Structures are given as structure tokens and as C-alpha cells.
Amino acid sequence: MTGYLRYAELMAALHDLGGGARLMRLGVSRQGRDIPLVAFGPDDRPAILVEANTHAGEVTGSAAALALCQRLAAQADPEVVTVRDSRTVYIVPRLAVDGAEVYLSSPGMLRSAPVPYPDPDQPPGLDPEDLDGDGLIRLMRRVDPLGEWRGDPRDPRLLVRRRPDDRQGPFYRVTPEGRYRDFDGRALPPRSSPFGLDFNRNYPVQWKPEATQPGGGGYPLSQPETRALAEFVAARSNLSALLSLHTTGGVILRPPAEGGDDALPELDRALLQGIGDAGERLTTFPCRSTEQAFNTGSSRPTVKGVDDWAYEHRGLIAYTMELWDLDARAGIAGYAQVGVGGLLKRREEELAADELARLRWNDQVLGGAGYMPWQPFDHPQLGPVEIGGWDPKFVRQNPPLPLLGEECQRAVEFALCLAAATPRLALGAVHAQGVGPGTWRVRVHVRNEGYLPTSATRRAVDAGVSRPVKVALSLPPGATVVDGPAEREIGELDGYGCARTGPWGPPAQADSERWADFVVACPAGGRVRVEVHHPRGGSAMGEVIVP
Ligand SMILES: [Zn+2]
């Protein structure tokens, strides 16, 4: 089942998952809805968290998260079986449960939550409203000698910026479809949304107050939704990675958000890019640092989201996946290719050519349904206007329904790849060699079979949130460990993704296996049990019977 599901429909689909899915409650939203959390696998296995629909309108993410649940619950293909049998996948399919419900049941757009923020008393201006009753808030244009826009003979739908030498109208002023509050005859700008809160600016990472960083809320984790997510991440010591599903752009974003790749330890940059490049092969979406994608060269302060928090404070491998790329469908290079800085430098002729390409795609693929041509409308305040433009919700912000499945598939493939890359402890041989009468050297061969190191990142070690691998012996009655404690720490183990090859010298090997030695006094025939454990790498058990 693929679709844009209302809350009750989404919850019903989650209840019906079966296949070993555990449906739990992450927390409770401000309006009292349960925020669903689905787990596949127990809490002591290496794990990832997939979190979606933090932004109310980015409902593609929750469709993709549900598709991941259904794939894990139902399918028996080898990739899914590997993940399901050895890893745990936690899925929060919809964090903005209140906001998404407003988005899916009304014409309005909103960022995260239907909470008046920051200031319900705004200056006079235009309130977006669905005046023509088609269920969407499109654009409104009216003829005005002050107009900044004009038509274009190549396509009656196309608006282009008025040039300095344009004297011959008609010229248009363009706003969202809506109605002015306290109308005084002037073309006042649109009022900003009364629901300006942005959950992804509410994490305790480079948080800043409203004037510097709009949407951040009163203080870090001020919202019940973000607090619930942060508490979950901090409490689950088995997590190695986080994937946050958003729209739009067709890109896999990784840290850092500022400072260039030099801001990361070289190992982390290589691991993040290595998994991201695998994601590109699976999804066609390139992996870029958030800074590469969003740097505009301006002095605007960098904003950081849940992925930066998860990496910087918890040392998780973290990505934001921006699903749905209308521009790529239309054959245009978007910010995934040229960065937001590149988009801002596009000249007027290039912007017009881009919009023509989008309109062509709309005609050829959607039969024109994605864009409503300008229709005359008698505006209660302005008189004759025209209403038209893109479907802002299910063409621009989310894919049209027939294309949703492809986007879900991309997220599912990348999530499975990420889960399979997590560290995984295993036991090689366990030997007992006689070293004296009734005394044995028990040698335990410990391995990490995952791509990631047991710590997941270098950052986790530097931040002090990873614990070393522990090897513990359980001895039969009458036996003792004679050279130290029965439980020992052997440090972190690399994963195979940690091997580095420089421009010179032989290919490097990762430090992904180690021997732990114990000297044990034990009666002949005694059974020595071994357990290795790492919070992020899971556990493995073995035993040896002394001769
Ligand atoms: Zn988003």
C-alpha cells in the first residue's frame, strides 16, 4: 500500500504489519497523538534509526518509512533477511503527527506543527487561502503597472521577471492565493506562516534564538516531539546510524554542515562518503555534505538539524535524504548538482528555461495535471485577478501519487544498505592450551564483521559515548581466572570500511580482529563460556571445553 496516509490510516497500516514488527510509542505530540515507533529486532542488536516526516508537509518520508516497515515485515529476499536476522531497525514513520494531519486535511502549508509560533500577532499582510476552492493554495497574479513580472510568448503559463527595458505591459504582481488582513489598497507582502516552528532547528546543536535562526522554538528540545526523539536516541546505546527522510532535492546529505570536510576526522568523512556513495549507486541520488549542498557563500549562520546532532553529540553515522527531485525529472540540474549557491547565481534566461522544462515534463508525464493554467477570478478585495500555478503539495513538495512508489523504493534501499553497514561482533576460534598442571590459556578470537567500526565513528570515541569491546568468561564451579578479572576490555575494533589506501604503499588492512587471552585454573572437562559484547556491535557467544 502506497499513498499519503492520514494519521488513522497510517496507524492502522502499522498495526497490520505483522512479520515480527513491534509497534510502540515514541512519545506523545502536543495535541495528544501517539508518535509511532516500530522496531524490527531486539534492543541488544546493532541498530539504525529511520526517522521521517519531521517537516509536516514532507509526507513522502512517512510513505517511504512505511514501505520500509512493510519490506522488513514481509519479504524474504536475502538483503532483508540479512538485516532482519542480525540487526535492529527502528522506524519513526511520522514525527510531526499533528502537522502532517493539518497538511493532509486542509489546503495550507506548514513547517512542522500547528502551534502558533513565534508571534501570533503579526503585522497586516496577505494570508494564504484557497479562494477558488480547488483544495490548494496556488499563485495569484493581477495586472499592475508596478508589476515585477510579465508573461512570456513561449508559454502562456510562464511568468518571467520584468526586464529593465520592458515598457509594454501587461505586468503582473504575484502573490500566493489569499486575502489581505487589514487591506488598505497596497500590495502588502504575504504574512509569514503563523506556524513557524521547525522541529529540525530545535535540536541542541548550534541552536540559536529566533532572530538568528527562525523556527528553533523557545529553547533546545522545547517540543515534545523532538524531545521524545532525542531521548530515544540517547537511551539506545545499540544505535550506530540515523537516517532522516525529507523532501525535496534528490540528494543524500551528510555532515558537516560547516567548516568543510576538514571539520571531520578523516575516518568519519571516508565512512560517511563510502556509505553515501553506495547510496548513490542504489538510488541515483548523489551524497554531498550539507555544507556543499547549502553553502551560498553568504554570512548567514549555518543551521544544523537532527543529523548534525546525532553525529556531533552521539557519534552516529547520520544522513538526511531529500527524496523527490522534480528538477531531475525535468532534466534540470538542481541543488544536488550545483548547490544552492549555484541556483542563486542562475540568470533570468536560465530560470525561464528551467521553468519551461518543468512545464514540458508536466505536460508529457502528468498530462498537464500538475500545473493549473491562469484562471480569471473575482477577488473580494482586489477585483479581477488570475489564479494558477503548480500543485505545491503533490507535485512540488511531494511526488504525484503514481511516482511515490519509486521514491519509497530509494529510501528503502538506502536504509537497508545503512543497516547492513553497522558493526557486528563475531567470535572466531576459542582455544584452551595447557600452560601448567590444571592451568589453561583460553584464547578468544574476536572479530567485527561490519563495515563500520564498533564505535561507528571516530567522533563517538572523541565524544566519549562509545564503550570498548568487552570479553567475559563464565567458568564452571571450582574454576578461576588467575591472571586478572573474568571480564576484560579490548578496545574498539575497526570495520572493513576502515581500511585506508594511500597513494603509496600496499593496500591497508583494517584492525578488525583481536585475540583476548585469559589464564584459567579449571578442572579437566570444564566448560568455559565466552561472551563478547559491544553496545553498538552486539554480542556473540562461544565456549571451549578444557581437555
Ligand atoms: Zn525537511
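**Close-up views of a predicted model**

**View 1. Strand S8 and its hairpin partner, S7.** Strand S8 (residues 155–161) is largely enclosed by the rest of the structure, because five of its seven residues are buried. Keep in mind, here and below, that this is a predicted model. The partner in this view is strand S7 (residues 149–152), which runs antiparallel to S8 and is joined to it by four bridges. Getting from S7 to S8 takes a hairpin of two residues. Look across the pair and you'll find Asp 152 standing opposite Asp 155 of S8.

**View 2. The zinc ion and its donor atoms.** Here the zinc ion is held by ND1 of His 55, ND1 of His 246 and two OE donors from Glu 58, at 2.0 to 2.6 Å. Don't expect a neat polyhedron: the angles among the four donor atoms run from 54 to 147 degrees, and the site is irregular. Tetrahedral would need all angles between 85 and 135 degrees, so this site doesn't make that cut. Along the chain, the donors are spaced as H-x2-E-x187-H.

**View 3. The two histidines at the zinc ion.** His 55 and His 246 link distant parts of the chain, sitting 191 residues apart. His 55 belongs to the loop between strand S3 (47–52) and helix H2 (60–74), while His 246 lies in strand S11 (residues 239–247). Are these two buried or exposed? His 55 has a relative accessibility of 4%, so it counts as buried. His 246 comes out at 2% and counts as buried too.

**View 4. His 379 and its surroundings.** This histidine is part of strand S15 (residues 371–379). With a relative accessible area of 3%, His 379 is buried, since the cut-off for buried is under 20%. Its side chain reaches the backbone nitrogen of Leu 382 at 3.0 Å. Which residues does His 379 touch once neighbours within four places in sequence are set aside? They are Leu 131, Met 140, Gly 178, Arg 179 and Val 385.

**View 5. Helix H13, end to end.** H13 covers residues 401–420, and its 20 residues should span 28 Å at 1.5 Å a residue. The C-alpha atoms at its ends are 30 Å apart, which agrees with that expectation. As for its setting, 14 of the 20 residues are buried, so H13 is largely enclosed by the rest of the structure. When picking out faces of the helix, it helps to recall that an α-helix has 3.6 residues a turn, so residues three or four places apart point the same way.

Technical notes. Residues are numbered from 1 along each chain as its sequence is written. This is a predicted model: local features need pLDDT of at least 70, side-chain atom pairs count only at pLDDT 80 or more; totals for chains, interfaces and linings use all residues. Side-chain values use heavy atoms; hydrogens and water are left out. The expected span of a helix is 1.5 Å times one less than its number of residues. Buried means under 20% relative accessible area, exposed over 50%, partly exposed in between (1.4 Å probe, protein chains only). A polar contact is a pair of N or O atoms within 3.5 Å; within protein, one must be able to donate a hydrogen and the other to accept it, and residues adjacent in sequence count only if both atoms are side-chain atoms. Contact means heavy atoms within 4.5 Å. Donors are N, O and S atoms within 2.8 Å of the metal (3.2 Å for Na, K and Ca); water is not among the atoms, so sites may look incomplete. Four donors count as tetrahedral if all angles lie between 85 and 135 degrees; four count as square planar and six as octahedral if opposite donors are over 155 degrees apart and all others between 65 and 115; anything else is irregular. Two strands pair if DSSP finds at least two bridges between them.
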